[in-house]
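I opened this structure to look up its nonpolar packing, one helix and one pocket. My entries follow.

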Amino acid sequence: MAGNTPLQRHWWQDALIYQVYVRSFADSTGDGIGDIEGIRSRLDHLDSLGIDAIWLNPCYPSPQQDHGYDVADYFGIHDEYGTLADFDALLADAEQHNIKILMDLVPSHCSNEHEWFQAALLAEPGSAERARFYFRDGKGDGNEPPNNWRAAFGGSAWTRVNDRDDDGQWYLGTFTPHQPDFDHTHVDVKQHFADIFEFWFDRGVAGFRVDAVAPTGKHPDLPDQPPVGADVGILDITWVNPYTVFRPEGHDVWREFRSTLESYELRHPGRDLMMVAEAYAVRRPELVKEFTQPDQFHQMFSFDLMLSPWEKGSIELALRDPFEILNSTGVAPAWTLNNHDIQRIVTRLGKADAHLPESWTNNNLALSGAAIDLELGARRSRAMTALIFALPGSLYLYQGEELGLPEVLDIPADYREDPIFHLTDGAEVGRDGCRIPLPWNTDVSTSFGFSKPAADGSVGEPWLPQPAGWGAYALATAEDDDTSMLELYRTASDARAEFAIVQPLRAEVLDLGHDLVGVRRGGLVIVVNATMQPVAVDLEHPELSIARPVFSSEPNEMHTPGVIPANSTVWFAS
Ligand code: TEU
């Protein structure tokens, strides 16, 4: 069982972690693309949020077909982002601020420009070079793909090699043809990842967010996927393929990774390293337990709250499962409300159907075209934020949520970059709308402070266009406003340190009656009002009788004791 006092905890069990999408964070060279130096120049902002670590989206050399999730070389830094020396300087600066760095590790696939894949293309069928990937002959006369698997971002999962007359094999790419899947049963692949761990741990990184855990590891025979129901969307077919999702073969990979990590720790006393699994095991707590066994991941993202409608029953369920896992196994949840793959929360929770319990399925809330009220969405996301800052476990914030950024929905087709948009011929808009470069100030000539002008004074267009009103969300604007989202994040971070971190690393859902969601964590009681009306709590209730309100998502309304404003969260402490 994990410790019950802060002193016994590993740093990553209750850390505040800030996700930096490097391309969109801050540009130090004026080319319209974020970079490592840009991050260095903005560490004060991250410090002001009280963070413990930064998770960097992939910043390895990459042709950027999937913005870094197509890695061409796992041992370097992408040239648009800087150099290894810049990276080392970032590590050193971050350490001055007591901030650790987590890298994003992409084991499921690499880029088609990776030297191993290039060598495989040149090599013969059956060669050692091809055995590191999934090359197979086509069905029948070879013109049909080896099986019926679909790619996660549209189209077949198989691409035919057609640059040689005598060849014609096919290779597997679970996401796109630019991202060939590794075969992790191959000894070279195992050694490759062991070397990657060693290389980045030696530089000083504190761990990895491990990408696309679900489809890593395949049934060895690659059988046809059974027919799927008509209700399964085109981008969901992969995720219900029993031969490539949550496979036992994946566990072998994670055990290997964990033992590599632990052998490093043994050789380097004092290092406390971790891996957090990115996998959508929503409402499937048994899977979370499987993947966070002591010989696999330290943590797994709990995406249930992120996908939850703004509704009591769904929120309670999104809390209950992770609490049960924590209380029974000691594995602390990794809470998150946003990431670079999902529509931003202010937009999601502002939708007219955000309160419907059924809107959680198949990511419906993000896909819903219902009318949006951004003010309501912001209020609800404040309440969600105040909730997660009180919970046991780690919090993963995504850049820009502290500014209350909404999703940008109207990016012109010509500017869209996400392969999801292009591979579905625009049927799915993809994820560009949550990746727009950050606004730091209101200066239009520097893309709202995103870009530092180049030596000749020029400023390139940001890689994705920013909306005209983006300055309203800028850091500088928020700093002048004590009711801003930024102020909520800063005060929530302080309140977390004062009232929440000191509590035990366990919690339970309470029955407070009314339409309220209640959570008790030691001496702290958190109350969420997910309704459209203020609700008076019973201050004589046994859970609340000795408690006083200490933090609220709506600070201006704290003066009405015992009343939880509509769409808000209040903490009570004894
Ligand atoms: O995402 C894996 C994953 O499950 C998501 O693809 C998700 O299904 C999709 O984004 C929903 O829109 C990871 C990365 O987070 C993502 O950015 C990459 O594109 C993907 O892996 C491929 O590496």
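I looked up the largest nonpolar core (buried Ala, Val, Leu, Ile, Met, Phe, Trp, Tyr and Cys residues joined through side-chain atoms within 4.5 Å; buried means under 20% relative accessible area with a 1.4 Å probe, protein chains only) and found 149 residues in it. Those with the most contacts inside this core are Ile54, Leu56, Phe87, Leu305, Leu319, Leu387 and Trp571. Helix 15 (residues 485-500) supplies the largest share, 8 residues. I also noted a second, separate core of 12 residues, including Val535, Ala547, Ile564 and Phe572.

The model is predicted: local features need pLDDT of at least 70 and side-chain atom pairs pLDDT 80 or more, while totals for chains, interfaces and linings use all residues. Residues are numbered from 1 along each chain as its sequence is written, and side-chain values use heavy atoms, without hydrogens and water.

I then checked Leu56. Leaving out residues up to four places away in sequence, Leu56 touches (heavy atoms within 4.5 Å) Val20, Val22, Ile39, Phe87, Leu90, Ile101, Leu102, Met103 and Asp104.

Next I took helix 12 (a DSSP run of H or I, at least four residues, numbered from the N terminus), residues 374-388. Its 15 residues should span 21 Å at 1.5 Å a residue (1.5 Å times one less than the number of residues), and the end C-alpha atoms are 21 Å apart, which agrees. I found 11 of the 15 residues buried, among them Arg380, Arg382 and Leu387. At the N-terminal end, Asp373 caps helix 12, with a side-chain oxygen 3.1 Å from the backbone nitrogen of Glu375.

Methods:
Helix = DSSP H or I, 4+ residues; strand = E, 2+ residues; numbered from the N terminus. Buried < 20%, exposed > 50% of the residue type's maximum accessible area, 1.4 Å probe, protein only. Polar contact = N/O pair within 3.5 Å; in protein donor to acceptor, adjacent residues only side chain to side chain.
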